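Biologist: I'd like a close look at one part of this model, taken slowly. Could you walk me through the side-chain pairings and what surrounds them?

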Amino acid sequence: SRAQRTKLGSFLDPLADKLLMVTALITLAILHAIPPWFAIVVVSRDAIVVLGIMVIYLFYGTMITAPSLLGKSASAMQMVTIAFALLFYVLQRSSPLLTILASLTGVLTVVSGLQYVYQGMKMLNGSEEELRKTSFP
């Protein structure tokens, strides 16, 4: 690989990851492999983040590309939770570990969502420095 990066790829790659995550969450919730509230929390946060990105794009004509460490951590924990949910579903077992993992991941997801909302509000309130740090034209 030549480590090339395009604007389109920078947009489509995370979008594909999110669509895969949302599909897995909805499917696992329907199968009762994860608590429905967990799927709602994660999908809602992602929808709010996407809506915020669209609003900032409309106001400033720029795309936000820098996920926070907290956001990356929440996404990683979501993947771990989904992996455990799949494992327990395939093994036809239940475990309090999954409930604890979903709860911790849910809290981390909400906190990271609040962080993104805070950052977005700073950008919309005119923090040019914040906008420059996290985006490209």
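How many aromatic pairs does the structure hold?

Modeller: Bear in mind that this is a predicted model. The structure holds 2 aromatic pairs, so let's begin there, remembering that a pair of aromatic rings is described by the distance of the centres and the angle of the planes.

One pair is W37 with F38, an edge-to-face arrangement with the centres 6.0 Å apart and 90° between the planes. The two partners sit in different classes of exposure: W37 counts as partly exposed because its relative accessibility is 39%, whereas F38, at 0%, is buried.

Then there's F84 with F88, which is tilted, with 6.1 Å from centre to centre and 35° between the planes. Why is the spacing along the chain what it is? Both residues belong to helix α3, which runs over residues 69–90, and because they are 4 residues apart there, about one helical turn separates them. F84 is partly exposed, having a relative accessible area of 29%, while F88 is buried with 13%. The cut-off for buried is under 20%, so F88 falls inside that class and F84 does not.

F38 also leads us to the nonpolar core. In soluble globular proteins, nonpolar side chains tend to be buried together. Here the largest nonpolar core has 14 residues, and F38 is among those that touch the most other members, along with L25, L28, I34, A39, I82 and A85. Helices α1 (7–30), α2, α3 and α4 (96–124) each put in at least two residues, and α1 gives the largest share, 4 residues. For a feel of how this looks from one member, take L25: setting aside its neighbours within four places in sequence, L25 is in contact with I34, F38, A39, V42, V43 and I82.

Now for the charged side chains. Side chains of opposite charge can pair when their charged atoms come close. The structure holds 2 salt bridges, and D46 takes part in a salt bridge with K18, where the closest N and O atoms are 3.5 Å apart. That pair links distant parts of the chain, since D46 lies in helix α2 and K18 in helix α1, 28 residues apart. D46 is buried at 7% relative accessibility, but K18 is partly exposed at 25%.

D46 also forms a salt bridge with R45, with the closest N and O atoms 3.3 Å apart. Put together, K18, R45 and D46 are linked in a network of salt bridges.

R45 deserves a bit more time. R45 lies in helix α2, residues 36–60, and at 9% relative accessibility counts as buried. Apart from the salt bridge, the R45 side chain makes a polar contact of 2.6 Å with the side chain of S112. And what else does R45 touch? Leaving out its neighbours within four places in sequence, R45 is in contact with K18, G71, A74, S75, Q78, T109, S112, G113 and Y116. So K18 turns up again, both in this list of contacts and in the salt-bridge network with R45 and D46.

Note on methods: Residues are numbered from 1 along each chain as its sequence is written. This is a predicted model: local features need pLDDT of at least 70, side-chain atom pairs count only at pLDDT 80 or more; totals for chains, interfaces and linings use all residues. Side-chain values use heavy atoms; hydrogens and water are left out. Rings of Phe, Tyr and Trp (its six-membered ring) pair if their centres lie within 6.5 Å; planes under 30 degrees apart count as stacked, over 60 as edge-to-face and the rest as tilted. Buried means under 20% relative accessible area, exposed over 50%, partly exposed in between (1.4 Å probe, protein chains only). A polar contact is a pair of N or O atoms within 3.5 Å; within protein, one must be able to donate a hydrogen and the other to accept it, and residues adjacent in sequence count only if both atoms are side-chain atoms. Contact means heavy atoms within 4.5 Å. A nonpolar core is a set of buried Ala, Val, Leu, Ile, Met, Phe, Trp, Tyr and Cys residues joined through side-chain atoms within 4.5 Å. A salt bridge is a side-chain nitrogen of Lys or Arg within 4 Å of a carboxyl oxygen of Asp or Glu.
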